[in-house]
Structures are given as structure tokens and as C-alpha cells.
Amino acid sequence: MHPSYVDNRNCPLVHVPSKFAKQFLKRQSQTATLRTPDRKFWDVKCVVYNGSAKYAATFRKGWKEFRLHNDLKEGDICDFELVDKDNLGMDVTFSQV
């Protein structure tokens with residue numbers, strides 16, 4: 001995890017790779033459902049920015065709760081696997097340092 005993804009002082013967010021965002025995300029913000037190995041589900045707001053030449057997206061509302069519950073820290077690795085393209089469902093696994 002990048003330091004800004006786990007910083008409690010700022011608005012917690014995670015940047016979604018632009019290639020992924022352009023290919024799989026709708027042109028407006030939507031909710032992503034993250035499922036962890038313990039079969040818990042987390043709704044996270046995925047905000048899409050498509051007004052510029054560079055298509056971008058971030059996970060925002062709900063990310064902090066997801067991160068805190070799963071005790072994610074700087075240096076941890078998260079793997080997001082898209083399992084439901086229509087509803088933006090993702091299985092998430094992590095390796096903690």
C-alpha cells in the first residue's frame with residue numbers, strides 16, 4: 001500500500017489504474033463491492049474523472065473502513081480481481097508485511 005492510501009489525516013483514497021478504469025468502469029461514479037477472503041463484503045465508492053485527456057478513477061467513501069477492518073498498512077500488497085464486470089464486484093486478497 002502506498003503511504004497516502006493508509007494515511008488517516010487526509011481523505012483516504014486509492015487510485016485505480018487508468019487502463020483498468022477506461023476498460024471496465026462506466027463513465028460515471030459507481031459503487032464497487034469488495035469481497036475479502038473471509039467472505040465479508042464492503043461497498044466502496046468509485047469516483048470516475050473523465051473530463052480531462054487522462055481517464056482516471058479513485059476508490060473513496062468506504063475505503064477507510066475497508067482498510068481499517070483489514071488492518072492494511074504501508075507496504076502491504078492488495079490484489080483486486082474483477083469477478084463481476086456488470087456490478088463492479090471484486091475479490092480482494094492481501095499480503096501483509
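Trainee: Which residues touch the most other members of the largest nonpolar core?

Mentor: Leu25, Leu34 and Phe59 do, in a core of 20 residues. Keep in mind that this is a predicted model.

Trainee: What makes a set of residues a nonpolar core?

Mentor: Two tests. The members must be buried residues of the listed kinds, Leu and Phe among them, and they must be joined through side-chain atoms within 4.5 Å. The 20 residues form the largest such set here.

Trainee: Which elements each supply at least two residues of this core?

Mentor: β1, β2, β3, β4, α2 and β6 do. The largest share comes from β3, with four residues.

Trainee: On to the sheet. What is the order of its six strands?

Mentor: The order is β1-β4-β3-β2-β6-β5. The sheet is open, and its pairing is mixed.

Trainee: Why are β1 and β5 said to stand at the edges?

Mentor: β1 (14–16) and β5 (77–84) each have a single partner strand, so one side of each is left without a neighbour in the sheet. Neighbouring strands are turned by 35° against each other on average, direction ignored.

Trainee: How do you know that β2 and β6 pair?

Mentor: Count the bridges. Pairing requires at least two. β2 and β6 have three, in the parallel sense. Thr33 stands opposite Gly89 in β6.

Trainee: In which sense do β2 and β3 pair?

Mentor: Antiparallel, over six bridges; β3 covers residues 41–49. Gln30 stands opposite Cys46 in β3. β3 also joins β4 (residues 56–59) through four bridges, and these two strands run antiparallel. Tyr49 stands opposite Ala56 in β4.

Trainee: What makes the phi of Arg39 worth a remark?

Mentor: Arg39 has a positive phi, near 70°, and is a residue other than glycine. Most residues other than glycine have a negative phi. Arg39 sits in the turn of the hairpin formed by β2 and β3, which has five residues between the strands.

Trainee: Why is Arg39 called exposed?

Mentor: Its relative accessible area is 56%. Exposed means over 50%. Arg39 therefore passes.

Trainee: What is the phi of Leu88, and is Leu88 buried or exposed?

Mentor: Phi of Leu88 is near 55°, also a positive value in a residue other than glycine. Leu88 lies in the loop between β5 and β6. Its relative accessibility is 0%, and buried means under 20%. Leu88 is therefore buried.

Trainee: How do you know that Tyr55 counts as buried?

Mentor: Apply the cut-off of 20%. Tyr55 has 6% relative accessibility, so it counts as buried. It lies in the loop between β3 and β4. Its C-alpha atom is separated by 7.2 Å from that of Ala21, 34 residues apart along the chain.

Trainee: Now the charges. How many salt bridges does a search of the whole structure find?

Mentor: Two.

Trainee: Why is the contact between Asp91 and Arg35 called a salt bridge?

Mentor: The N to O distance is 2.7 Å. The limit is 4 Å, between a side-chain nitrogen of Lys or Arg and a carboxyl oxygen of Asp or Glu. The pair therefore qualifies. It links distant parts of the chain: Asp91 is in β6 (residues 89–95), Arg35 in β2 (residues 30–35), 56 residues apart.

Trainee: What makes Arg35 partly exposed?

Mentor: Arg35 has 23% relative accessibility. Partly exposed runs between the 20% and 50% cut-offs, so Arg35 falls in that class.

Trainee: How do you know that Lys73 forms a salt bridge with Asp71?

Mentor: Their closest N and O atoms are 2.4 Å apart. That is within 4 Å, so the pair counts. Lys73 is partly exposed at 43%, and Asp71 is partly exposed at 44%.

Trainee: Why does Asp76 have no salt bridge?

Mentor: The nearest side chain of opposite charge is Lys73, 6.3 Å away. The limit is 4 Å, so the pair fails. Asp76 is buried all the same. It is found in the loop between α2 (63–69) and β5.

Trainee: What does the side chain of Asp76 reach?

Mentor: The backbone nitrogen of Lys73, at 2.7 Å. The limit for a polar contact is 3.5 Å, so this distance lies within it.

Conventions. Residues are numbered from 1 along each chain as its sequence is written. This is a predicted model: local features need pLDDT of at least 70, side-chain atom pairs count only at pLDDT 80 or more; totals for chains, interfaces and linings use all residues. Side-chain values use heavy atoms; hydrogens and water are left out. Buried means under 20% relative accessible area, exposed over 50%, partly exposed in between (1.4 Å probe, protein chains only). Axes are lines fitted to C-alpha atoms, for helices over the stretch in contact, and angles run from 0 to 180 degrees between N-to-C directions. Lys and Arg count as positive and Asp and Glu as negative; His and the chain ends are not counted. A polar contact is a pair of N or O atoms within 3.5 Å; within protein, one must be able to donate a hydrogen and the other to accept it, and residues adjacent in sequence count only if both atoms are side-chain atoms.
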